[in-house]
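Colleague: Please take a close look at a single part of this model for me. I would like one connected account, with the reasoning spelled out.

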Amino acid sequence: MQTIRLSFLLCLLLVAPAQAEIYKYVDENGQVTFTDVYRKGAKRIELPGAPVPLSNGNKAPRRASYNPSPADFPRIDAGTQKRRDDIRRQVLQDEIAGERRNADEARRQLALGERLQPGERATDTTYINRVNKLRATVQQHEQNVGSIQRELANLK
């Protein structure tokens, strides 16, 4: 049985360059399964020397090609466009005010959540998970504020 597992793992190592994502799944009976298809509860195995999948973030952004609008394309007068921009600016300002309130509330919740409960230690997993979740919430609201600020800066 040990020889079979060893030979199976050896085969996985040889095939690793062809398929970079290998998952190990252990079912309720203790049966170990290796697969290239993700299943709930499966753990990804990092194989040494295996190629790393490229993320989409590494691609260079494509520039839009310039194609002038046709002569008969409907135009919007400057006054209408200014009213639309003003409405958009107001919506973004309302959104950023709400996100700032949410960020302040998330920071308050984090401060409360960082307090140790009676009988709790800073090394307990429940404490660590609670604090990490609260920190992630604060970070998300701060990112939202930054995104809305960039959007506001892009308005004419």
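**The helix 2 and helix 3 pair**

Modeller: Of the 156 residues in the chain, 20% count as buried. This is a predicted model. The chain holds three helices and three strands. In sequence order they follow the pattern α-β-β-β-α-α. Among contacts between residues at least 6 apart in sequence, 45% join residues at least 24 apart. I will concentrate on helix 2 and its partner, helix 3.

Start with helix 2. It covers residues 78–113, which is 36 residues. At 1.5 Å a residue, helix 2 should span 52 Å. Its end C-alpha atoms are 51 Å apart, so the expected and modelled spans agree. Helix 3 passes the same kind of check. It runs over 125–154. Its 30 residues should span 44 Å, and its end C-alpha atoms are 43 Å apart, which agrees.

Now the way the two are placed. The axes of helix 2 and helix 3 come within 9 Å and cross at roughly 160°. An angle over 145 degrees counts as roughly antiparallel. Helix 2 and helix 3 are therefore roughly antiparallel to each other. The crossing of helix 2 past helix 3 is left-handed.

Next, the buried residues. In helix 2 they are T80, D85, L92, I96, G98, E99, A103, A106, L110 and G113. Helix 3 is part of what covers them. On the other side of the pair, helix 3 buries Y127, V131, L134, V138, H141, V145, G146 and I148. These buried residues of helix 3 pack against helix 2.

Two C-alpha distances tie this picture to the sequence. Take Q140 first. Q140 sits in helix 3. With a relative accessible area of 41%, Q140 is partly exposed. The C-alpha atoms of Q140 and E99 are separated by 9.7 Å, although the two residues are 41 apart along the chain. E99 is one of the buried residues of helix 2.

The second distance starts from D86. D86 also belongs to helix 2. Its relative accessibility is 34%, so D86 counts as partly exposed. The C-alpha atoms of D86 and L155 are separated by 9.3 Å. Along the chain, D86 and L155 are 69 residues apart.

Then there are the charged side chains. Side chains of opposite charge can pair when their charged atoms come close. A salt bridge here needs a side-chain nitrogen of Lys or Arg within 4 Å of a carboxyl oxygen of Asp or Glu. By this rule the count comes to nine salt bridges. Three of the pairs deserve a closer look, along with one network.

The first pair is D104 and R107. Their closest N and O atoms are 2.7 Å apart, and the two form a salt bridge. Both residues lie in helix 2. They are three residues apart, about one turn of the helix. D104 is partly exposed, at 49% relative accessibility. R107 is partly exposed too, with a relative accessible area of 35%.

The next pair is E120 and R130. This salt bridge has its closest N and O atoms 3.1 Å apart. The pair links distant parts of the chain: E120 is in the loop between helix 2 and helix 3, while R130 is in helix 3, ten residues apart. Which of the two is buried? The cut-off for buried is under 20% relative accessible area. E120, at 14% relative accessibility, therefore counts as buried. R130, at 25%, counts as partly exposed.

The last pair is R121 and D124. R121 forms a salt bridge with D124, and the closest N and O atoms are 3.5 Å apart. The partners sit in contrasting surroundings. R121 counts as exposed, at 55% relative accessibility. D124 counts as buried, at 18%.

The network is built from K82, D86 and R89. Salt bridges that share partners join these residues. D86 has come up already: it is the helix 2 residue whose C-alpha atom is separated from that of L155 by 9.3 Å.

To put the part back together: helix 2 and helix 3 are roughly antiparallel, with a left-handed crossing. The buried residues of helix 3 pack against helix 2, and helix 3 is included in what covers the buried residues of helix 2. The salt bridge of E120 with R130 joins the loop between the two helices to helix 3.

Definitions and conventions. Residues are numbered from 1 along each chain as its sequence is written. This is a predicted model: local features need pLDDT of at least 70, side-chain atom pairs count only at pLDDT 80 or more; totals for chains, interfaces and linings use all residues. Side-chain values use heavy atoms; hydrogens and water are left out. Helices (H or I, at least four residues) and strands (E, at least two) are DSSP runs, numbered from the N terminus. The expected span of a helix is 1.5 Å times one less than its number of residues. Buried means under 20% relative accessible area, exposed over 50%, partly exposed in between (1.4 Å probe, protein chains only). Contact means heavy atoms within 4.5 Å. Axes are lines fitted to C-alpha atoms, for helices over the stretch in contact, and angles run from 0 to 180 degrees between N-to-C directions. Angles under 35 degrees count as roughly parallel, over 145 as roughly antiparallel, 65 to 115 as roughly perpendicular and the rest as oblique. A crossing is left-handed if the near helix is turned anticlockwise from the far one by less than a right angle, and right-handed if clockwise.
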